[in-house]
Amino acid sequence: MTGDARNAEEAERERRLREQTDDGEIISKEEYTKRSRRAFLSFAGLGVAGYLGFRQVQNMEEDENIPRILRAGFDWNESVWSTLERDGARARTFSVDDREEIRVNGRHGLEDGDGDFIEVSESEAETWEIEVTSRNGSTLDPIPLAAVKSDFEVHDMVWEHKCIEGWSNIVHWTGVRLSDVLERYAADELSAEWSVLRTPPGNDVRREYSSAIENYTMRHAQTLLAWELNGEPLTAGHGSPIRLVTPFKYGIKQIKRVGSIEFTDDRPTDYWTERGYDLHSSF
Amino acid sequence: MSTTAEPAETDSADTTADLGGSGHEIVAKKKHSLALRWMHWLNFPLLMIMMYSGMRIYWADLQDPYVFGIAGWQIFEFWPDGVNSALQFERKLAAGIAFHLNFGWFFVLNGVAYVLYLARRGEWRHIVPDVQSLRDARKTVAHDLHLRKDKPVQGKYNPAQQITYTLVILISAILVLSGFAIYRSGQLSWLEAAFGGYDVARFVHFSCTILLLLFFFVHIVQVARAGWANFASIITGYRLGRRDDPEVAPAAAFGPDGTVESAGSDSTTADGVPDADDASSDGSES
């Protein structure tokens with residue numbers, strides 16, 4: 001009995017499979033020769049066109065060190081992601097116990113001509129000021145580091161710091177929200193499309209560094225001006241005396257040793273953008 | 001160029017092909033639609049671009065490469081030095097990112113189009129295995145390894161193909177999702193968390209790539225084994241062969257009482273044993 005049922009089931013399955021595959025049109029060999037010639041030719045043609053198109057992209061005129069169309073693609077990508085919730089989005093945070101050691105990677109803006117770190121002494125740190133330039137080019141009152149540390153709510157945040165080269169570490173930052181500071185020192189500039197942060201200039205600085213940050217990152221609750229890493233004051237290699245940190249961007253955007261902030265509504269550039277990277281480099 | 005595909009037994013079928021003719025007549029049967037063929041082929045250049053640019057991204061951090069090992073024994077590092085020098089590989093992270101994040105969308109679009117196509121046309125039934133296919137898969141493998149003469153009953157694809165192709169679709173989906181988890185770990189922090197973290201998402205992304213690469217090599221071998229008529233079908237859309245060739249009309253391969261009803265064919269594989277010796281019907285895994 002069961003055997004019969006089983007055979008019936010198998011037969012039914014075979015019938016179904018046959019039905020599924022029997023709908024294909026059958027043509028004569030002559031017709032096939034005609035159609036296959038056409039298929040192979042159009043296939044080869046489109047293949048060659050695709051290859052030439054790709055070469056065209058590779059060899060296209062460059063915009064800030066990458067082919068123009070890819071630069072446009074970066075900006076298009078940003079417009080796609082900007083339709084998604086960002087201000088309210090939060091990167092994952094961790095417990096202080098999860099924090100890890102982190103290597104010193106970027107040295108730009110921190111080195112002298114010999115490639116040695118330029119140390120910032122305690123007394124220099126005490127009088128450290130961040131210069132501020134408004135959208136119309138006027139110089140605003142500078143932001144004293146002492147006031148940054150004393151006048152605002154201090155946040156301890158633990159998140160994963162991600163390098164564009166591929167490594168990441170969970171680190172603990174201590175600092176204040178950039179938006180809190182700007183509200184006091186540059187309230188009229190909070191609506192600026194962009195802010196460009198730079199390391200302090202100086203004849204002895206080997207490569208001055210800069211990082212452009214869009215409005216939403218500038219105002220985001222997880223964007224801090226930080227002076228401690230894993231509970232210790234920043235070392236020169238990590239950007240003493242004050243640096244920008246945010247889990248919404250790769251490390252290249254989290255500028256070490258902030259010397260100035262300039263606001264603008266025009267699309268700016270910065271150190272790595274000029275070298276072919278995405279201006280946004282956001283998560 | 002397509003005529004080299006003729007099965008060993010060139011038939012006496014006269015030029016005015018009688019479509020209701022004998023089982024020995026050479027005909028071509030529609031196998032893959034134009035859309036399917038293009039969606040299939042687009043993956044090749046797209047994945048080449050994605051893997052090449054992905055390597056440039058992966059290679060930016062030389063300090064902790066992924067290592068392949070078994071039980072603590074390191075077998076090799078990704079990638080072995082030979083791969084690097086053989087590819088004349090130029091480390092260039094910025095260009096890698098630019099190509100990866102722009103061309104990735106085309107892979108996503110192609111994949112979405114493919115899945116929608118399968119769903120709309122009901123062609124997922126050709127690919128997703130049923131319970132019997134899962135049971136039969138080992139018979140297909142045994143057949144391909146020449147350990148077994150007969151092949152299990154199949155539709156458009158054999159059971160091993162069904163499982164493989166289904167896995168490839170799933171792996172591609174995971175590949176894309178882990179990519180987004182890495183790319184947008186801020187806005188899509190829930191996705192990053194779903195993968196168990198950024199590191200895990202990166203590892204999954206890398207592993208899925210390796211799996212697709214392995215599939216690619218197996219695919220090439222199986223296509224080569226299956227022969228020209230099979231390969232040509234993914235370009236022309238038609239499978240050329242004898243009317244009673246099971247690869248042309250799989251129904252012909254069916255069991256003892258599988259009276260073939262396909263398109264007026266009068267073919268009889270009388271004893272029900274699929275004629276596995278027919279040159280053009282062997283190894284269909286493509």
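**Sheets, helices and contacts in a two-chain model**

In this predicted model, B:I26 stands opposite B:R242 in strand β4 of chain B.

Biologist: How many bridges join strand β1 of chain B to β4(B)?

Modeller: The pair B:I26 and B:R242 belongs to this part of the structure, with B:R242 placed in β4(B). Strand β1 of chain B covers residues 26-30, and its pairing with β4(B) is antiparallel. The number of bridges over which β1(B) and β4(B) pair is five.

Biologist: Which strands stand at the edges of the sheet that holds β1(B) and β4(B), and why does each have one side without a neighbour?

Modeller: The sheet is open and made of three strands in the order β1(A)-β1(B)-β4(B), with antiparallel pairing. Each edge strand has a single partner strand, so one side of each is left without a neighbour in the sheet. From one strand to the next, the twist averages 35°. The strands at the edges are β1 (26-28) of chain A and β4 (238-242) of chain B.

Biologist: Which helix lies across β1 of chain A together with β1 and β4 of chain B?

Modeller: The helix runs at about 95° to β1(A), and it lies across strands of both chain A and chain B. A:L52 is one of its residues, in a helix that spans residues 29-59 of chain A. A:L52 also makes a nonpolar surface patch of about 320 Å² together with A:V48 and A:Y51. The helix lying across these three strands is α2(A).

Biologist: How much area do chain A and chain B bury between them?

Modeller: The size of an interface is often given as the accessible area lost when the parts come together. Here 57 residues of chain A are in contact with 71 residues of chain B. Of the area buried between the two chains, 62% is on carbon and sulfur atoms, and the value for the whole is about 5,900 Å².

Biologist: Which residue of chain B forms a salt bridge with A:R92?

Modeller: Side chains of opposite charge can pair when their charged atoms come close. Between chain A and chain B the count is four salt bridges, while over all chains the count comes to 27. In the bridge that A:R92 forms, the closest N and O atoms are 3.0 Å apart, and the partner is B:E192.

Biologist: Where in chain A do A:R15 and A:E12 lie?

Modeller: The side chains of A:R15 and A:E12 meet in a salt bridge, with a distance of 3.0 Å from N to O. The two residues are three residues apart, about one turn of the helix, and both lie in helix α1 (residues 2-21) of chain A.

Biologist: Which residue of β9(A) stands opposite A:V196?

Modeller: An open sheet of five strands in chain A has the order β5-β4-β13-β8-β9, with mixed pairing. Its edge strands, β5 (139-144) and β9 (210-214), each pair on one side only, and the twist averages 20° from one strand to the next. Strand β8 (residues 194-198) runs antiparallel to β9(A) and is joined to it by five bridges. Opposite A:V196 in β9(A) stands A:A212.

Biologist: Which helix lies across β5 and β13 of chain A?

Modeller: Both β5 and β13 belong to the sheet of five strands in chain A. The helix that lies across them runs at about 135° to β5(A), spans residues 178-185, and is α6 of chain A.

Biologist: Where is A:P241, the residue that follows the cis peptide bond from A:S240?

Modeller: The peptide bond from A:S240 to A:P241 is cis, with omega near 0°. In chain A, the place of A:P241 is the loop between β11 (232-233) and β12 (243-245).

Key. Residues are numbered from 1 along each chain as its sequence is written. Chains are lettered from A and ligands numbered from 1 in the order in which they are written. This is a predicted model: local features need pLDDT of at least 70, side-chain atom pairs count only at pLDDT 80 or more; totals for chains, interfaces and linings use all residues. Side-chain values use heavy atoms; hydrogens and water are left out. Patches are made of residues with over 30% relative accessible area and no salt bridge: like charges are joined within 9 Å, nonpolar side chains (Val, Leu, Ile, Met, Phe, Trp, Tyr) within 5 Å. Accessible areas come from the Shrake-Rupley method with a 1.4 Å probe; for residues, only the protein chains shown count as cover. Helices (H or I, at least four residues) and strands (E, at least two) are DSSP runs, numbered from the N terminus. Two strands pair if DSSP finds at least two bridges between them. Axes are lines fitted to C-alpha atoms, for helices over the stretch in contact, and angles run from 0 to 180 degrees between N-to-C directions. Contact means heavy atoms within 4.5 Å. Buried area is the accessible area (1.4 Å probe) that two parts lose on being put together, summed over both.
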